[in-house]
Amino acid sequence: EVVGQDFDGREVSITADGKAKAILFVAHWCPYCQEEVPWVSDYLARIGLPDGVDLYTVATSINRTRDNWPPSEWLEREGLAVPTLVDDQSNTIATSFGLPAYPYWVFVDADGNVAGRVSGGISPEDFQQVLATLASA
């Protein structure tokens, strides 16, 4: 479980509430994240999430000297309208989830157990399959 704030300072919580979670860790300057976020946004607009699965984004490794600053505007431009936690300068949230590379997905089942991790991106087809598995568990 993690509690933090979004870009506007509002509290965002990822808790064990009986729903599965897909958590996407992104860095605004990462070229692979810049490829991942648009298709995720499009996927959500076209297909949506299955019942019983929530999606969160964690904006991490924030650096005002890099591309797509500020990350809030980048995510808004890409149309990714999901609850977003803003990691601290030490990347505490990313580190606690074991982030090895960007983008990074962590999938959590409805019981709060990590069901899978993917670093370096996932295909829309694999994403859909993982979501279906999480929804049916």
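# Notebook: a walk through the sheet, its helices and its loops

**Entry 1, the main sheet.** I began with the strand order and found five strands in an open sheet, running β5-β4-β3-β6-β7, with mixed pairing. At the edges I noted β5 (84-86) and β7 (114-119); each has a single partner strand, so one side of each is left without a neighbour in the sheet. I also looked up the twist: neighbouring strands here are turned by 20 degrees against each other on average, direction ignored. A reminder to myself before going on: this is a predicted model.

**Entry 2, one strand pair.** In which sense do β3 and β6 pair? They are antiparallel, and I noted five bridges between them. For a landmark I picked Ala-22, which stands opposite Phe-107 in β6. As general background, sheet strands pair through backbone hydrogen bonds, whether parallel or antiparallel.

**Entry 3, helices over the sheet.** Next I checked which strands the helices cross. I found α1 lying across β3, β4 and β6, at about 145 degrees to β3. I then turned to α4, which lies across β3, β4, β6 and β7 and runs at about 20 degrees to β6.

**Entry 4, the nonpolar cores.** I looked for the largest nonpolar core and found 25 residues in it; Val-26, Val-40, Trp-105, Phe-107 and Phe-127 have the most contacts inside it. The elements giving two or more residues to this core are β3 (20-26), α1 (31-46), β4 (53-59), α2 (71-77), β6 (104-108) and α4 (124-136). Which element gives the most? It is α1, with five residues. I followed up on Val-40: leaving aside neighbours within four places in sequence, Val-40 is in contact with Leu-24, Leu-55, Leu-80 and Trp-105. Apart from the largest core lies another, of 14 residues, and among them I noted Ile-14, Phe-25, Val-58 and Ile-93.

**Entry 5, the hairpin at the start of the chain.** I moved to β1 (residues 2-5) and β2, which run antiparallel and are joined by four bridges. One partner I wrote down: Val-3 has Ser-13 as its bridge partner in β2. The hairpin has five residues between the strands, and there Gly-9 takes a positive phi near 85 degrees. Which side chains of β2 (residues 11-14) are buried? Val-12 and Ile-14 are, and they point to one face, while Glu-11 and Ser-13 point to the other and are not buried. In general, side chains of a regular strand alternate between the two faces of the sheet. Ile-14 had already turned up in my notes, as a member of the 14-residue core.

**Entry 6, His-28.** I found His-28 in the loop between β3 and α1. Is it buried or exposed? At a relative accessible area of 1%, His-28 is buried, because buried means under 20%. I then looked for a polar partner: the His-28 side chain reaches the backbone oxygen of Asp-67 at 2.6 Å. I listed the other residues around His-28 too, not counting those up to four places away in sequence; among those touched are Gln-34, Ser-61, Asn-63, Arg-66, Trp-69, Pro-71 and Trp-74.

**Entry 7, backbone oddities.** General background first: most residues other than glycine have a negative phi, and most peptide bonds are trans. I found a cis peptide bond from Trp-69 to Pro-70, with omega near -5 degrees. Pro-70 is in the loop between β4 and α2. I found a cis bond joining Tyr-102 and Pro-103 as well, where omega is about -20 degrees; Pro-103 lies in the loop between α3 (92-96) and β6.

I then looked up positive phi values outside glycine. Ser-61 has a phi near 55 degrees, and its place is in the loop between β4 and α2. Ser-61 is buried at 18% relative accessible area, and I had already listed Ser-61 among the residues touched by His-28. Asn-91 has a phi near 60 degrees and sits in the loop between β5 and α3.

**Entry 8, Gly-79.** My last stop was Gly-79, in the loop between α2 and β5. Its relative accessibility is 42%, so Gly-79 counts as partly exposed. How far apart are the C-alpha atoms of Gly-79 and Leu-44? I noted 9.6 Å for this pair, which is 35 residues apart along the chain.

Note on methods:
Residues numbered from 1 in each chain as written. Predicted model: local features only at pLDDT ≥ 70, side-chain atom pairs only at ≥ 80, totals over all residues. Heavy atoms only, no water. Core = buried A, V, L, I, M, F, W, Y, C linked by side-chain atoms within 4.5 Å. Buried < 20%, exposed > 50% of the residue type's maximum accessible area, 1.4 Å probe, protein only. Contact = heavy atoms within 4.5 Å. Pairing = 2+ DSSP bridges. Axes fitted to C-alpha atoms, helices over the stretch in contact; angles between N-to-C directions. Polar contact = N/O pair within 3.5 Å; in protein donor to acceptor, adjacent residues only side chain to side chain.
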